[in-house]
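Colleague: Mind if I grill you on the labels you put on this one? I'd like the reasoning behind each of them.

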Amino acid sequence: MLNRRNFIVRSVLTGLGFSLAPGSLRAFSLNPGLTVRTNGPVVVSTWRHGLQANEAAWEILGQDGNALDAVEAGVRVCEADPENLSVGYGGLPDRDGHVTLDACIMDEKGNAGSVCFLENIRHPVSVARLIMENTPHVMLAGGGALQFAVSNGFTEENLLTDKARKIWEAWRSEEKYKPVPNIENHDTIGMLALDANGNLSGACTTSGMAFKMHGRVGDSPIIGAGLFVDNEVGAAVATGQGELMMKTLGSFLVVEMMRGGMDPVDACQVAVKRIVDKVKDLENAQVGYLALDKQGRMGSFSLRKGFDYAIQNAQGKRLIDSAHYVSG
Ligand code: SD4
């Protein structure tokens with residue numbers, strides 16, 4: 001069990017071996033809480049795979065494109081990557097061998113779209129955007145979401161790659177129901193962007209917890225849990241064991257803390273602390289929040305060491321270790 005008297009670690013800002021464009025360090029300055037400040041358009045996203053996703057987003061943001069287009073294009077990179085075992089095509093399946101996807105998107109007007117328990121569609125985030133823009137609803141699930149996607153021109157395909165199938169078969173041969181929590185550095189992609197007009201949008205997409213029960217839906221498509229954007233204040237996105245964020249509506253909480261004047265790191269810390277205070281057994285659990293405010297300040301906080309996030313703006317890109325609650 002997690003020792004609640006464990007100390008909070010605010011990690012040192014490190015580049016983790018990624019090269020920086022000349023002058024890029026000048027883009028980032030720190031306040032004592034390690035909130036990163038930038039000027040102008042910027043994109044941030046969860047985990048190391050965010051570096052590549054941010055590049056696609058930056059192609060749009062860097063040419064004064066809008067934040068909504070940027071986050072959709074950015075997370076699609078991870079959705080299409082067969083090597084990425086936790087998002088879209090190539091994601092690890094549920095315990096019955098089905099790849100089931102959750103995703104959502106929010107724009108600067110507070111519009112939201114979401115899909116959950118969607119199978120056979122490579123880009124759930126784009127289905128979520130279409131639900132947001134072309135239907136009176138926020139969320140479609142399972143067979144209904146698939147029917148909507150196919151009737152709008154999305155192609156059905158098998159998303160279970162040989163690599164993911166072999167990992168699932170090896171897991172299944174142990175005949176245990178034991179979903180893999182998310183301590184490793186390869187997870188859901190959550191992305192937040194601020195564009196040249198000062199508008200915020202966000203997106204989140206995942207194949208969810210590996211080997212979950214069939215039908216399980218996590219936090220990622222739940223507005224307020226996996227993602228929340230309020231263009232007056234800021235945006236937040238979550239990664240980790242979804243059940244924990246769902247029970248505390250963490251991304252909404254982070255944005256509300258920023259509304260009250262907190263900087264992004266402190267706001268994320270409040271949401272992690274809420275989980276620590278409410279949940280008895282957090283052994284093997286990981287949770288991370290990433291936030292970006294209207295002023296271009298950003299930061300993260302996770303339960304455990306190991307979470308990092310990627311930034312890109314006009315001055316360059318880098319990967320940043322998250323502040324965290326416990327080192328173990
Ligand atoms: C889920 N939150 O389905 C997702 C998984 C994840 O980082 O984010 N992993 O619970």
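Colleague: Why is Trp47 called buried?

Modeller: This is a predicted model, so everything here is computed. Trp47 has 1% relative accessibility, and buried means under 20%, so Trp47 counts as buried.

Colleague: Where is Trp47 found, and what is its phi?

Modeller: Trp47 is in the loop between S3 and H1. Its phi is near 70°, a positive value in a residue other than glycine.

Colleague: How many aromatic pairs turn up in the whole structure?

Modeller: The search finds three. One of them joins Trp47 and Phe307.

Colleague: What makes the Trp47 and Phe307 pair edge-to-face?

Modeller: Two checks. The ring centres are 5.0 Å apart, and a pair needs them within 6.5 Å. The planes are at 75°, and over 60 degrees counts as edge-to-face, so that's the label for Trp47 and Phe307.

Colleague: Which parts of the chain does that pair link?

Modeller: Distant ones: Trp47 and Phe307 are 260 residues apart. Phe307 sits in the loop between strand S12 (297-304) and strand S13 (308-313). Like Trp47, Phe307 is buried.

Colleague: And why are Phe228 and Phe252 called edge-to-face?

Modeller: Run the checks again. Their ring centres are 5.0 Å apart, against a limit of 6.5 Å. Their planes are at 85°, and the edge-to-face class starts over 60 degrees, so Phe228 and Phe252 are edge-to-face. This pair links strand S9 (residues 227-230), which holds Phe228, to helix H7, which holds Phe252, 24 residues apart.

Colleague: Are Phe228 and Phe252 buried or exposed?

Modeller: Phe228 has a relative accessible area of 15%; the cut-off for buried is under 20%, so Phe228 is buried. Phe252 is at 33%, and partly exposed covers values between 20% and 50%, so Phe252 counts as partly exposed.

Colleague: What about Leu249, why is that one partly exposed?

Modeller: Leu249 has a relative accessible area of 36%. Partly exposed lies between the 20% and 50% cut-offs, so the label fits Leu249. Leu249 is found in the loop between H6 and H7, and has a positive phi of about 45° although it is not a glycine.

Colleague: What makes Gly261 exposed?

Modeller: Gly261 is at 56% relative accessibility, and exposed means over 50%, so Gly261 counts as exposed. Gly261 lies in the loop between helix H7 (250-259) and helix H8 (264-278).

Colleague: How do you know that the charged end of Arg122 sits over a ring, and which ring?

Modeller: The ring is that of Tyr89, with the charged end of Arg122 4.1 Å from its centre. The distance limit is 6 Å. Arg172 sits over the ring of Trp168, with its charged end 4.1 Å from the centre.

Colleague: On to the ligand. What makes the Thr188 approach a polar contact?

Modeller: An N or O atom in the Thr188 side chain is 2.6 Å from a ligand oxygen, and the limit is 3.5 Å. Thr239 passes as well, with a polar side-chain atom 2.4 Å from a ligand oxygen. Gly240 uses a backbone N or O atom, 2.7 Å from a ligand nitrogen.

Colleague: How much of the ligand does the protein cover?

Modeller: It covers 99% of the 280 Å² of accessible area that the ligand has on its own. Strand S10 (234-240) and helix H6 (242-248) each give two or more residues to the shell. By class, that shell has two nonpolar, nine polar and three charged residues.

Key:
Residues are numbered from 1 along each chain as its sequence is written. This is a predicted model: local features need pLDDT of at least 70, side-chain atom pairs count only at pLDDT 80 or more; totals for chains, interfaces and linings use all residues. Side-chain values use heavy atoms; hydrogens and water are left out. A polar contact is a pair of N or O atoms within 3.5 Å; within protein, one must be able to donate a hydrogen and the other to accept it, and residues adjacent in sequence count only if both atoms are side-chain atoms. Accessible areas come from the Shrake-Rupley method with a 1.4 Å probe; for residues, only the protein chains shown count as cover. Helices (H or I, at least four residues) and strands (E, at least two) are DSSP runs, numbered from the N terminus. Ala, Val, Leu, Ile, Met, Phe, Trp, Tyr, Cys and Pro count as nonpolar, Asp, Glu, Lys and Arg as charged, and the others, Gly among them, as polar. Buried means under 20% relative accessible area, exposed over 50%, partly exposed in between (1.4 Å probe, protein chains only). Rings of Phe, Tyr and Trp (its six-membered ring) pair if their centres lie within 6.5 Å; planes under 30 degrees apart count as stacked, over 60 as edge-to-face and the rest as tilted. A charge sits over a ring if NZ of Lys or CZ of Arg is within 6 Å of the ring centre and within 35 degrees of the ring normal.
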